[in-house]
Structures are given as C-alpha cells and as structure tokens.
Amino acid sequence: TITLKAEAFNIKVLPTFDNEQRILEFGAVRVGESKDKSFTIKNEGLYEVMFDFVMKRRATRDVFTISPDNGTLAPNEEKTITIRFKSKKEIKYKTTNATSDILMKIIEGKTEKEFEVLPINYLVSSVYSMFSISPLKNINFGPMQYGETRTRTFEIKNDGQF
C-alpha cells in the first residue's frame, strides 16, 4: 500500500489601514515636501510567505517610495510598511482597486509562486502655496519732494490650502 499525506492550507495576508475605506490618505501636500503614511501587513497563515511591492508606471515610481518594498513574513508576523509621497509638480491621485498603480504581490514561501496581488489605494493632492497681492499693479506714490513721506498700503492674502 502507498500512503499519501497532504495538507491544505490557506495563504492569508491582511493589510490593515487606519481608516474604514482601506486607503492611504495623504491629504494635501506642498510641492517639494514629503509625507509618510504607514499600514501593517500580517501573515495569518500557517507558513512563511513573501511580499513584493510593484509600481507599474514610472510617474508613480517618481513620487512614491515604499519601505520595505519586499520581504518575508513568518506565521503570525506583522510588519509596518511606510509609503512616502514627494512630488515636484502639482498632481492629484485618487485610486480604486481597478486603477491603483501600487500593487502588493503575495508569494508562497516554498514554491515562490505568486498567490495574490492586492492593490494599495491612495488619495493625495500635491499643491503649491497660493497667494494674491492687491493692488495688482505698481504702488504709485506720485510726485514727491525730497524728505516728504507718504504711506500706501497693499494686501497679501493667502489663497492656498496651507
């Protein structure tokens, strides 16, 4: 007789975000400044798994960095993943599962076969500080004699989000 033993197991890696929408909300970020957001991933399976983050488009790779961007998770191990956003121009992103460009690949530990791809959704707006000056044109003091003083006023108004 031949005896075969087999074991069925489920690979279960859960990302945990700090909101119910399961999205990284960076909010408004000044152009040229960076902002970090973190989430955790936990291996709830019985065996070791690997993870690897992929960004499909170059435009996404230019503004986001992920740390760590790959690694292994032992059973019941939890890791914090930090994603940093920094842009050199004004842009706005709001992704869904279908449009997200940041993907987390879950890979089975022994065979190294890709098991699942999870999109990481994000919401961010990179903006310049905005202001207005009034009056728009020159401040005219008119003709004046030497030693004479006159006062003119102007207004600087913060029109931006910061």
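Modeller: A word before the questions: two strands count as paired if DSSP finds at least two bridges between them. The model discussed here is predicted.

Biologist: Which residue of β3 stands opposite Leu-14?
Modeller: β1 covers residues 13-16, and β3 covers residues 34-43. These strands pair in the antiparallel sense, with 4 bridges between them. Opposite Leu-14, in β3, stands Lys-42.

Biologist: Which residue of β7 is the bridge partner of Lys-42?
Modeller: β3 also pairs with β7, again in the antiparallel sense, and here there are 9 bridges. β7 covers residues 78-86. The bridge partner of Lys-42 in β7 is Glu-78.

Biologist: Which residue of β7 stands opposite Ile-66?
Modeller: β5 covers residues 64-67. β5 and β7 run antiparallel and are joined by 4 bridges. Opposite Ile-66, in β7, stands Ile-83.

Biologist: In what order do the 4 strands of the open sheet lie?
Modeller: The pairs are β1 with β3, β3 with β7, and β5 with β7. The pairing in the open sheet is antiparallel, and its 4 strands follow the order β1-β3-β7-β5.

Biologist: Which strands stand at the edges of that sheet, and by what angle are neighbouring strands turned on average?
Modeller: The sheet has the order β1-β3-β7-β5. β1 and β5 each have a single partner strand, so one side of each is left without a neighbour in the sheet, and these are the edge strands. With direction ignored, the average turn between neighbouring strands of this sheet is 25°.

Biologist: Which strands hold Asp-36 and Arg-84?
Modeller: Side chains of opposite charge can pair when their charged atoms come close. Asp-36 and Arg-84 meet in a salt bridge through their side chains, at 2.7 Å from N to O. Their positions are 48 residues apart in sequence, so the pair ties together separate parts, namely strand β3 for Asp-36 and, for Arg-84, strand β7.

Biologist: Are Asp-36 and Arg-84 buried or exposed?
Modeller: Buried means under 20% relative accessible area, and exposed means over 50%. Asp-36 has 35%, and Arg-84 has 40%. Both values fall between the two limits, so Asp-36 and Arg-84 are each classed as partly exposed.

Biologist: How many residues apart are Asp-101 and Arg-57?
Modeller: The side chains of Asp-101 and Arg-57 form a salt bridge, 3.7 Å from N to O. Asp-101 is in the loop between β8 and β9, while Arg-57 is in the loop between β4 and α1. The pair links distant parts of the chain, and its separation is 44 residues.

Biologist: Is Asp-101 buried or exposed?
Modeller: Its partner Arg-57 is partly exposed, at 42% relative accessible area. Asp-101 has a relative accessible area of 3%. The limit for the buried class is under 20%, so a value of 3% places Asp-101 among residues that are buried.

Biologist: How many salt bridges are found in the whole structure?
Modeller: One of them joins the side chains of Lys-105 and Glu-114 at 3.6 Å, N to O. Lys-105 is partly exposed at 25% relative accessible area, and Glu-114 is partly exposed at 46%. For salt bridges, the search of the whole structure gives a total of 7.

Biologist: How far is the backbone nitrogen of Arg-22 from a polar atom of the side chain of Asn-19?
Modeller: Asn-19 is in the loop between β1 and β2. With 18% relative accessible area, Asn-19 is buried. From a polar atom of its side chain to the backbone nitrogen of Arg-22, the distance is 2.9 Å.

Biologist: Which residue has the backbone oxygen that the side chain of Ser-87 reaches?
Modeller: Ser-87 sits in the loop between β7 and β8. Ser-87 is buried, at 2% relative accessibility. At 2.6 Å, the side chain of Ser-87 reaches the backbone oxygen of Lys-89.

Biologist: How much accessible area do the residues of the nonpolar patch on the surface have together?
Modeller: One of its residues is Phe-141, found in the loop between β11 and β12. Phe-141 is partly exposed, at 32% relative accessibility. Other members include Phe-131, Met-144 and Ile-156, and the patch has a combined accessible area of about 680 Å².

Notes:
Residues are numbered from 1 along each chain as its sequence is written. This is a predicted model: local features need pLDDT of at least 70, side-chain atom pairs count only at pLDDT 80 or more; totals for chains, interfaces and linings use all residues. Side-chain values use heavy atoms; hydrogens and water are left out. Helices (H or I, at least four residues) and strands (E, at least two) are DSSP runs, numbered from the N terminus. Axes are lines fitted to C-alpha atoms, for helices over the stretch in contact, and angles run from 0 to 180 degrees between N-to-C directions. A salt bridge is a side-chain nitrogen of Lys or Arg within 4 Å of a carboxyl oxygen of Asp or Glu. Buried means under 20% relative accessible area, exposed over 50%, partly exposed in between (1.4 Å probe, protein chains only). A polar contact is a pair of N or O atoms within 3.5 Å; within protein, one must be able to donate a hydrogen and the other to accept it, and residues adjacent in sequence count only if both atoms are side-chain atoms. Patches are made of residues with over 30% relative accessible area and no salt bridge: like charges are joined within 9 Å, nonpolar side chains (Val, Leu, Ile, Met, Phe, Trp, Tyr) within 5 Å. Accessible areas come from the Shrake-Rupley method with a 1.4 Å probe; for residues, only the protein chains shown count as cover.
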